[in-house]
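Reader: I should be grateful for a close look at the cysteines of this protein. Please set out how they are linked and where they lie.

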Amino acid sequence: PSCLWGTTFGQSCTFGCLEGFDGGGELNCPSTGKWSASGGCVVDCGSPSSPPNASAPYCPGGTTAGQTCSFGCLEGYSRGGSLTCSSSGVWTQAGSCEVTDCGVPGVPFGATSPSCLSGTTYGKSCSFGWEVGYPGGGTLNCPASAQWVLSGACAAVDCGWPSVPAYASIAVCAGGTTYGQICTFECPAGFSGGGTLTCTSNR
């Protein structure tokens, strides 16, 4: 303590705090002859560092013992948590920032099962090819929203309207003219037979 005017009745002494503590106060000499204190020193943990993949902690109540700071997460990470200043002057962490995981992707129409060699978390991508009759391919990208984003597609081969055999009537293609669809044709009066035309992967 600093007692500039002495230590007799009515005088006061001031005190600061050691490193790692915050506060300060006064000691007053009353008529009883026993010092009475006002103020004090509390543990100060100092400004906390950001946990891995987290934004800067927010400490509205300060950084002394018992105070809590909250933190959010950077893009591509989720959850968040808090840091609490302990009586020993050390920050204790609750919660963390975990990388966003899009999970196993579904299979785009006409595609093979996606190949995710690098994983399914934020920033990763999966590639896919195509089944027979569906040329194309592309990638699935995992963004911060955790919802796969498709780039590219597989479209069914379209054989176009078929040419019918000689003397046959016009073909009927009820299901369309894409891969796997079947068109039928019949023969006019005076001819026998009839049949089908199937759209294959090589058209």
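Author: The account below takes the disulfides in turn, then the unpaired cysteines, and closes with the sheet. The model is a predicted one, in which local features need pLDDT of at least 70 and side-chain atom pairs count only at pLDDT 80 or more, while totals for chains, interfaces and linings use all residues. Residues are numbered from 1 along each chain as its sequence is written, and side-chain values use heavy atoms, with hydrogens and water left out.

The structure holds eight disulfides, a disulfide being a pair of cysteine sulfur atoms within 2.5 Å. One of them joins C45 and C85, whose sulfur atoms are 2.0 Å apart. C45 lies in the loop between β3 and β4 and C85 in strand β5 (residues 77–85), so this pair ties together parts that are 40 residues apart in sequence. Strands here (E, at least two residues) are DSSP runs, numbered from the N terminus. The torsion about the S-S bond is about 85°, so the disulfide of C45 and C85 is right-handed. Both cysteines are buried; buried means under 20% relative accessible area, exposed over 50%, and partly exposed in between, with a 1.4 Å probe and protein chains only.

T63 is in contact with both C45 and C85, where contact means heavy atoms within 4.5 Å. T63 is placed in the loop between β3 and β4 (68–71) and is buried, at a relative accessible area of 18%. Its side chain makes a polar contact with the side chain of D44, at 2.7 Å. A polar contact is a pair of N or O atoms within 3.5 Å; within protein, one must be able to donate a hydrogen and the other to accept it, and residues adjacent in sequence count only if both atoms are side-chain atoms.

A further disulfide is formed by C73 and C97, with sulfur atoms 2.2 Å apart. Here the S-S torsion is about -90°, so the link of C73 and C97 is left-handed. C73 lies in the loop between β4 and β5 and C97 in strand β6, so parts 24 residues apart in sequence are tied together. C73 is partly exposed, with a relative accessible area of 25%, whereas C97 is buried at 9%.

C173 and C183 also form a disulfide, their sulfur atoms 2.0 Å apart, and with 115° about the S-S bond this link is right-handed. Since C173 lies in the loop between β9 (149–154) and β10 (182–186) and C183 in strand β10, the pair ties together parts that are ten residues apart in sequence. C173 is buried at 11% relative accessibility, and C183 is buried at 5%.

Two cysteines remain to be described as unpaired. C29 is in no disulfide, and the nearest cysteine sulfur, that of C13, is 8.3 Å away; C29 is buried, at 11% relative accessibility. C187 is likewise in no disulfide, the nearest cysteine sulfur being that of C183, 15 Å away; C187 is partly exposed, at 25%.

The sheet comes last. Three strands form an open antiparallel sheet in the order β1-β2-β3, where two strands pair if DSSP finds at least two bridges between them. β1 (12–15) and β3 (36–43) stand at the edges with a single partner strand each, so one side of each has no neighbour in the sheet. Strand β2 (residues 21–28) pairs with β3 over eight bridges, and L27 has A37 of β3 as its bridge partner.

Methods: Helices (H or I, at least four residues) and strands (E, at least two) are DSSP runs, numbered from the N terminus. Lists of a residue's contacts leave out its neighbours within four places in sequence.
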